[in-house]
Amino acid sequence: MTKGLRKLAVALLGAVIRHTPAGGRGWGRAMLREMECIPTDWAALRWAFGGTSAIFRHSLERAWRDERSNHSTDGLLKAVGKLLGGLTLAVAFCVGVLAACILSITRLSTFLVPEWHLAQMPWVGCVSVLGMPETIFFIVAALLWRKRKIVSAGILACAVTLATHFFLYVSAHG
Amino acid sequence: MRISRQTHRVLEIFLHAPNTWRYGYDVSQETGLKSGTLYPILMRLADRKLLEATWESCAPGTPPRHLYRLTPAGLSFAREHVLASPTGSSRPALSGAKS
């Protein structure tokens, strides 16, 4: 009977070691080896039950930790993707607006009201390159601020870049 | 980090002879902890690099036994916690070391 108990204990811990993930196997083997030093068979069986529960808990804890770290990686990737997507959208919008402003005022005015000679007036350039786009950028950024903060911030960044570029260009070239 | 009474007891045992490698069964006997309580504590301490483990080198044909002792970080951790509360009775009974 007692021999059977020890065999059962060894078989139980052996089965647990075989089915446990690699990280817990060393601990399982350590417990199995210690079991040989336990004098009574009942104590060995109790040791095996305790060892089984310890390995099970260790595997669960490790699985939970891995799951958590995977989730945090996913979260980070998602956040980076969202940020890049928002900024790309903002830049695309700004480039579109800028191109439309430059083309619309100079070209359309010459086409629609050629007698005004708007294309030759210096202030028209300022309005089409800076005034109009900046106004549109700030209005759109304000409208999007609550719901699409990243896009809105991207548009504001474009507005600041454009203004800085404009003033640097004007100060350098007169 | 707060530690349980059981972890406190394990640390106390290791602190008695800090350089001595100990067997799991001996620690279990000295602390009175069952394998289901002792090993999760050892695993957690090892995960946090407070405990080092090695396989005993022995005669060929004899399976090796696992040995444990505190790392330098574990020693200072144990000194800090065990010496601060020698009996460990004032601590809440948690299942293991918690951060």
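**Helices, strands and cores in a two-chain model**

Buried residues account for 24% of the 174 residues in chain A. The model described here is predicted. The secondary structure of chain A consists of 5 helices and 0 strands, and along the sequence the pattern reads α-α-α-α-α. Of the contacts in chain A with a separation of 6 or more, 60% are between residues 24 or more positions apart.

One example of two positions separated in the sequence of chain A is given by Ala43(A) and Ala9(A). These residues are 34 residues apart in sequence, and their C-alpha atoms are 9.5 Å apart in space. Ala43(A) belongs to helix 3 of chain A. Ala43(A) counts as partly exposed because 17 C-beta neighbours lie inside 10 Å, whereas 20 or more are needed for a residue to be buried.

In chain B, strand 3 pairs with two other strands. Strand 1 (residues 22-23) of chain B runs antiparallel to strand 3 of chain B and is joined to it by 2 bridges; here Arg22(B) stands opposite Tyr68(B). Strand 2 (residues 51-55) of chain B is also antiparallel to strand 3 of chain B, with 5 bridges between them. Within strand 3 of chain B, Leu67(B) is the bridge partner of Thr54(B).

In a regular strand, side chains alternate between the two faces of the sheet. Strand 3 of chain B, which covers residues 66-70, shows such an alternation. His66(B), Tyr68(B) and Leu70(B) point to one face and are buried, while Leu67(B) and Arg69(B) point to the other face and are not buried.

The packing of two helices in chain B was also examined. Two packed helices are described by the angle between their axes and the distance between the axes. The axes of helix 1 (residues 5-16) of chain B and helix 3 of chain B come within 10 Å and cross at roughly 70°. Helix 1 of chain B is therefore roughly perpendicular to helix 3 of chain B, since angles of 65 to 115 degrees are placed in that class. On the side of helix 1 of chain B, Gln6(B), Thr7(B) and Val10(B) take part in the contact, and they meet Thr37(B), Leu38(B) and Ile41(B) of helix 3 of chain B. By class, this contact has 3 nonpolar, 3 polar and no charged residues.

Between the chains, 12 residues of chain B are in contact with 16 residues of chain A. Helix 2 (24-31) and helix 3 (35-47) of chain B each supply at least two residues of the side of chain B that touches chain A. Helix 3 of chain B gives the most to this side, with 5 residues. The residues on this side of chain B comprise 6 nonpolar, 4 polar and 2 charged.

The largest nonpolar core has 34 residues, and those with the most contacts inside it are Met35(A) and Leu42(B). In chain A, helix 1 (2-19), helix 2 (22-35) and helix 3 (41-112) each supply at least two residues of this core. In chain B, helix 1, helix 2, helix 3, strand 3 and helix 4 (72-84) each do so as well. Leaving aside neighbours within four places in sequence, Leu42(B) is in contact with Gly24(B), Leu51(B) and Tyr68(B). Apart from the largest core lies another core, of 13 residues, among them Cys94(A), Val140(A), Leu144(A) and Ile155(A).

Note on methods: Residues numbered from 1 in each chain as written. Chains lettered and ligands numbered in written order. Predicted model: local features only at pLDDT ≥ 70, side-chain atom pairs only at ≥ 80, totals over all residues. Buried ≥ 20, exposed ≤ 12 C-beta atoms within 10 Å, placed from the backbone. Helix = DSSP H or I, 4+ residues; strand = E, 2+ residues; numbered from the N terminus. Pairing = 2+ DSSP bridges. Contact = placed C-beta atoms within 7 Å. Nonpolar A, V, L, I, M, F, W, Y, C, P; charged D, E, K, R; others polar. Axes fitted to C-alpha atoms, helices over the stretch in contact; angles between N-to-C directions. Parallel < 35°, antiparallel > 145°, perpendicular 65-115°, else oblique. Core = buried A, V, L, I, M, F, W, Y, C linked by C-beta atoms within 7 Å.
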